[in-house]
Amino acid sequence: MSVLVFLEHHDGEVQKGSLGVLAKAASLGDADAVLVGEGVRELAAGAGRYGAKNVHVADDASLAAPLSQPRVDVLATLAGGYDAVFFANSVLAADVAAGLAARLDAGLNWDLVDVTPDFVGKRPALQDSVLVDVGWKSSPRLALFRSGSFDPQEIGGDAQVHDVSAELEDFSTQTKMVEQAHAESSGPSIEDADIIVAAGRGLGAPENFTLAEELARALGGAVGATRAVVDAGWYPYSAQIGQTGKTVSPKLYVALGISGAIQHKVGMQSSNVIVAINKDQNAPIFEFSDLGVVGDVHEIVPKLTELVKQRKS
């Protein structure tokens, strides 16, 4: 099995999800990677540590903007030499994967959480209560994996770097990016954080999110939110976890005032350790938490934050 992995990068760093998918691909057989952008050649060598034998680099000023069609052009010239092309889910990667599937008339399976050595994909269904097997009828097989499905693992060494020319289609140059917004954040993103402190409507008011922020800061983690509080304007969408938000799998997930509805559960249930604090002893989140604390978050969280600070000092 030969697999090509699309490595997404932002702000001079390859995304954690892409490296996790690369490590998974390397465990299945021969894995190569592709990097597309401007000034990305220096990122290529590091991909070898995560299992890439070869890294194809399209480094050109015309590829600086994170637009999908120019990346489809580059991948289309490479994909024919591989059994499969893997992507870690993101807005950009999903767009590139769909565009590549249309360009090559190839099959794309999405929202996968695993794949077997004989190319059987595993996709959650029925609100993540079961896993179904999915397959492909043609090659290359395109696969888009759910965020957090695989952890990056340093399993290799150096990779051979190969330059790829950026030969863009006329229609791929018609779109121009005029502005790119960056989310303001003082800590790690929820996708990359090992510790997440998430809060729901149980906090009572948007100003009470300082409880979650202070605990996250003390633990060295990131702040997450439920859809309900995001829809209410209490916290930005970039922090939303759940079926219509982001899927995370940190080592520690602390849920403050979160009931644990199925829509939220599907976004965080793969966390290693789940701690829930809620005054409602019948809250569904206690059914799948490793540790449940029945009590008022307004009383418990400040004391917990102070204890964490004391322990770290």
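**Note on the predicted model**

1. Ala-101 is buried, at a relative accessible area of 11%. Buried means under 20% relative accessible area, exposed over 50%, and partly exposed in between (1.4 Å probe, protein chains only). Ala-101 sits in helix H4. Neighbours within four places in sequence aside, Ala-101 is in contact with Ala-106, Leu-108 and Leu-142; contact means heavy atoms within 4.5 Å. Its C-alpha atom lies 28 Å from that of Ala-45, with the two positions 56 residues apart along the chain.

2. On conventions. This is a predicted model, where local features need pLDDT of at least 70, side-chain atom pairs count only at pLDDT 80 or more, and totals for chains, interfaces and linings use all residues. Residues are numbered from 1 along each chain as its sequence is written, and side-chain values use heavy atoms, with hydrogens and water left out.

3. Overall form. The protein has eight helices and 17 strands. These are DSSP runs numbered from the N terminus: helices are H or I with at least four residues, strands are E with at least two. The radius of gyration is 21 Å, which agrees with the value near 20 Å for a compact globule of 313 residues. That radius is taken over C-alpha atoms, and the globule rule is 2.2 Å times the number of residues to the power 0.38. Along the principal axes, the C-alpha atoms fill a box of roughly 60 × 40 × 35 Å.

4. Burial and contacts. Of the 313 residues, 45% count as buried. Among contacts with a separation of 6 or more, 63% are between residues 24 or more positions apart.

5. The largest nonpolar core has 32 residues. Such a core is a set of buried Ala, Val, Leu, Ile, Met, Phe, Trp, Tyr and Cys residues joined through side-chain atoms within 4.5 Å. Val-5, Leu-7, Leu-22, Leu-35, Val-55, Phe-86 and Phe-145 touch the most other members. Elements giving two or more residues to this core include strand S1 (2-6), helix H1 (16-28), strand S4 (30-37) and strand S5 (54-59). H1 supplies the largest share, five residues.

6. Leu-7 deserves a look. Apart from neighbours within four places in sequence, Leu-7 is in contact with Val-14, Ser-18, Leu-22, Ala-33, Val-34, Leu-35 and Ala-47. A second, separate core holds 24 residues, including Leu-78, Leu-92, Ala-97 and Leu-142.

7. Helix H3 (residues 68-78) is mostly covered, with eight of its 11 residues buried. Those buried are Ser-68, Pro-70, Arg-71, Val-72, Asp-73, Val-74, Leu-75 and Leu-78. Their cover includes S1, S4, S5, S6 and helix H4 (91-104).

8. Backbone points to check. Most residues other than glycine have a negative phi, and most peptide bonds are trans. Asp-11 has a positive phi, near 55°. Asp-11 lies in the loop between strand S2 (9-10) and strand S3 (13-14), and counts as exposed at 71% relative accessibility. Phe-119 also has a positive phi, about 60°. Phe-119 is in the loop between strand S8 (114-115) and strand S9 (121-125), but counts as buried at 11% relative accessibility.

9. One cis peptide bond to inspect joins Ser-139 and Pro-140, with omega about 0°. Pro-140 belongs to the loop between strand S10 (130-134) and strand S11 (141-145).
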